[in-house]
Amino acid sequence: MYAITIREPGDPDVLEWTEVADPAPGPGEVLLEVAASAVNRADLLQRQGHYPPPPGASEILGLECSGTIAELGEGVEGWNVGDEVCALLAGGGYAEKVVVPAGQLLPVLGEVDLLSAAGLPEVACTVWANVVMHGKLGEGDTLLVHGGAGGIGTHAIQVGKALGATVAVTAGSAERLESCRQLGADITINYREEDFVEILKKETGGASVILDNMGAKYLERNIDALAMDGRLIVIGMQGGVKAELNLGKLMGKRASVFGAGLRARPLEQKAAIVTDVRERLWPFIKDGSVKPIVGQVVPMAEAAAAHRAMEEGTVFGKILLTAKS
């Protein structure tokens, strides 16, 4: 089969479409013929040499994919050869074939086509595990999403609205904020020109849950933006890794700060998240109230161009990579 490999850590030009050995499913795994994968910021970090895969995971990039089941490993039940699925991966999605633990599969259903489904597993599991399973977002709450125009952000907006929350987002241009409004965002904040703390306090009194991809840069202001009993959930560190935390403010609001990752979690934790996503989120996918937002589609062999597009930050929603030309 062919897959994207990394010649050496570096810029997007180090990505190469090369022939590699076919994977084979072990017990509890399935082999997928990949239709498409999707680009995530973690892929950029891995390409640069900053985010190695967890032990035992594929060295090939790609944290999600869609495709058709080609082979079942020993002991796999509930799935059949030929089923169209999408999958949460620890690696291996930038390839024509990939092996996946059966517990990390989700059915492709509703109005979602097989290609677009490639953009769902990583955002769905990340948002649901953090905002809902941990953050307990529900009807009447306020959700603040930083980076509302990205893959995570566009999904989080829809999930928040489906659950009956007021959704506020930050983004860097009027055009991207308007696109967020069209997805359902109630409050849109241009982070280049406006103070999200001031606006959120004025509009809602503060956020019940904040989903943050910036890390250190926003820590102090995120605490200020929380409502009483608010939950700050940090899933990225684009703004740095170290900051000072005012425990007095945190305790005064009975608030919490939670740092979360998904890729390195044990298989049983990932399977539990996928099960909850299938049971509680997938009905929203089926009825169309939550949809994959695809901003750009690129042939997998041209993954370098897709990485450049993500680095430029101009694409609204997910960037997909098609395995077949």
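Phe196 is buried, and Tyr218 is buried too. In this predicted model, these two residues also form an aromatic pair: their ring centres sit 5.3 Å apart and their planes meet at 45 degrees, so the pair counts as tilted. Why tilted, and not stacked or edge-to-face? The stacked label needs planes under 30 degrees apart and the edge-to-face label needs over 60, so an angle of 45 degrees falls into the remaining class. Phe196 belongs to helix 5 (residues 196-204), while Tyr218 sits in the loop between strand 11 (207-212) and helix 6 (219-225), so the contact ties together parts that are 22 residues apart in sequence. The structure holds 2 aromatic pairs, and this is one of them.

Another ring has a charged partner. Arg263 lies over the face of Tyr51, at 5.0 Å from the ring centre.

Next come the salt bridges, and the count here is 11. Among them is the one between Glu311 and Arg47, whose side chains meet with an N to O distance of 2.7 Å. Glu311 is part of helix 9 (residues 303-312) and Arg47 is part of helix 1 (residues 41-47), so this bridge joins distant parts of the chain, 264 residues apart. The two ends are not equally hidden: Glu311 has a relative accessible area of 38%, so it counts as partly exposed, whereas Arg47 has just 1% and is buried.

A second bridge runs between Glu64 and Lys318, with the closest N and O atoms 2.6 Å apart. Here, too, distant parts of the chain are linked: Glu64 is in strand 4 (residues 64-72), Lys318 is in strand 15 (residues 318-322), and 254 residues separate them. How buried or exposed are the partners? Glu64 has a relative accessible area of 0% and Lys318 has 4%, so both fall under the 20% cut-off and count as buried.

A further bridge pairs Lys249 with Asp224, and its closest N and O atoms are 2.8 Å apart. Lys249 lies in helix 7 (residues 247-252) and Asp224 in helix 6, with the two positions 25 residues apart in sequence. Helix 6 has come up already, as the helix that follows the loop holding Tyr218. Lys249 is partly exposed at 31% relative accessible area. Asp224, at 18%, is under the 20% cut-off and therefore counts as buried.

Definitions and conventions:
Residues numbered from 1 in each chain as written. Predicted model: local features only at pLDDT ≥ 70, side-chain atom pairs only at ≥ 80, totals over all residues. Heavy atoms only, no water. Phe/Tyr/Trp six-rings, centres within 6.5 Å; stacked < 30°, edge-to-face > 60°. Helix = DSSP H or I, 4+ residues; strand = E, 2+ residues; numbered from the N terminus. Buried < 20%, exposed > 50% of the residue type's maximum accessible area, 1.4 Å probe, protein only. Lys NZ or Arg CZ within 6 Å of the ring centre and 35° of its normal. Salt bridge = Lys/Arg side-chain N within 4 Å of Asp/Glu carboxyl O.
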